[in-house]
Amino acid sequence: MLNKKTLLSGITATGKLTLGNYIGAIKNMVKLQDEYNSFVFIADLHALTLPIDPKILEQNRHNIYAIYLACGLDPNKTTIFFQSDVMEHGLMNWLIINNTTIGELSRMTQFKDKSQKVKSANGMDTIPTGLLMYPTLMVADIMLYDADLVPVGIDQKQHVELTRNITQRINNKYKLDFKIPEPYIPNVGNKIMSLTDPTKKMSKSDTNEKSSIYLLDNPGEAYKKIIKCVTDSEGKIYASPDKPGITNLLNIYSALKEISLKDTETYFKNKNYKELKAEVAQTVKEFLQNIQTRYQQFLPLVDKLSKEGAIKAAKVAKANLLKLMKGMGLNNEK
Ligand code: TYM
């Protein structure tokens with residue numbers, strides 16, 4: 001137990017979780033929890049960067065916790081907690097902010113995309129400060145647990161790279177030995193695409209509900225969304241950057257059935273699009289039915305388990321926060 005490496009990951013509590021969140025991140029958190037000393041949280045402080053109704057935020061927090069459990073995260077193996085329950089995240093963020101520059105934060109792709117959207121939605125030139133600072137909080141999350149491994153989808157890779165740079169900078173500057181974390185990005189399913197526009201990522205903030213499979217979707221409705229998804233007119237089934245819709249269906253099938261993309265392609269090679277869609281839709285439907293039954297069973301446990309998780313997480317977070325504070329000349333506890 002003591003010499004296990006540490007895993008940390010989280011999901012922002014901004015909306016309903018999608019199949020992309022499961023395949024890109026949660027599935028790997030579950031797969032790795034035996035091997036790693038694991039910390040998984042609900043990034044509710046990150047959810048404040050854009051306006052959010054407090055009631056919705058509270059609902060999202062609760063739902064995500066129960067979804068984690070329903071997907072197979074085991075509280076005996078993974079410390080599962082709400083970010084805002086562990087006060088150290090806020091203070092650590094301040095220490096990190098003072099080791100970054102506005103230049104490196106404004107170069108983040110996600111900042112550029114999101115701030116552009118905010119500007120065009122409001123017709124204003126003001127961007128919420130939280131959008132710019134968001135990656136420093138993510139660096140803080142990772143350093144607080146001194147993580148070795150961070151399972152994420154490809155869209156978060158740049159933030160983990162920033163974390164590596166900043167951690168290295170802090171280690172050099174203050175003569176510390178925080179781990180330089182590695183991202184863990186699945187080969188298949190690191191970017192599940194929108195069902196209505198497969199050139200775009202499936203996203204919980206997409207306003208078109210037909211674009212995403214939500215983990216709490218009615219399974220029958222989810223089936224229909226797959227049947228109606230956008231593909232192409234070639235009629236041949238194989239994975240290729242020119243065939244984003246078909247490739248997306250193959251990736252979803254491969255990830256949920258736990259078979260390689262190559263074997264998935266071989267399996268569907270002589271079938272038609274209708275058959276492909278029906279089989280993927282059925283697989284997704286069964287997956288949702290399975291986790292939703294478990295979700296209902298876990299909901300009543302969230303309050304108790306999240307308190308226990310926060311206590312365990314806070315011990316580790318405090319030790320690492322004090323280590324950095326001491327390095328920076330802010331704490332003289334022996
Ligand atoms: P978030 O909430 O946007 O997404 C949560 C996780 O799901 C992955 N993901 C996807 N993977 C494949 N296909 C998709 N369509 C898809 N959509 C989302 C994301 O890559 C991510 O792994 N900043 C993070 C949350 C966070 C965090 C952290 C993660 C906060 N602190 C520390 C790791 C470590 C975020 O907003 O993810």
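User: What makes asparagine 21 a polar contact of the ligand?

Analyst: A polar side-chain atom of asparagine 21 lies 3.1 Å from an oxygen atom of the ligand. A polar contact is a pair of N or O atoms within 3.5 Å, so the pair qualifies. The model is predicted: local features need pLDDT of at least 70 and side-chain atom pairs 80 or more, while totals for chains, interfaces and linings use all residues. Residues are numbered from 1 along each chain as its sequence is written, and side-chain values use heavy atoms, without hydrogens and water.

User: Why is asparagine 21 called buried?

Analyst: Its relative accessible area is 18%. Buried means under 20%, exposed over 50% and partly exposed in between, with a 1.4 Å probe and protein chains only, so asparagine 21 counts as buried.

User: Which residues does asparagine 21 touch, leaving out those up to four places away in sequence?

Analyst: They are Ile11, Ile26 and Lys204, where contact means heavy atoms within 4.5 Å.

User: How do you know that tyrosine 134 and lysine 204 make polar contacts with the ligand?

Analyst: An N or O atom in the tyrosine 134 side chain is 2.4 Å from a ligand oxygen atom. For the side chain of lysine 204, the distance is 2.6 Å. Both values are within the limit, so both pairs count. The protein covers 97% of the 710 Å² of accessible area that the ligand has on its own (Shrake-Rupley method, 1.4 Å probe).

User: How many residues surround the ligand?

Analyst: There are 28, each with a heavy atom within 4 Å of the ligand.

How values were computed
Polar contact = N/O pair within 3.5 Å; in protein donor to acceptor, adjacent residues only side chain to side chain.
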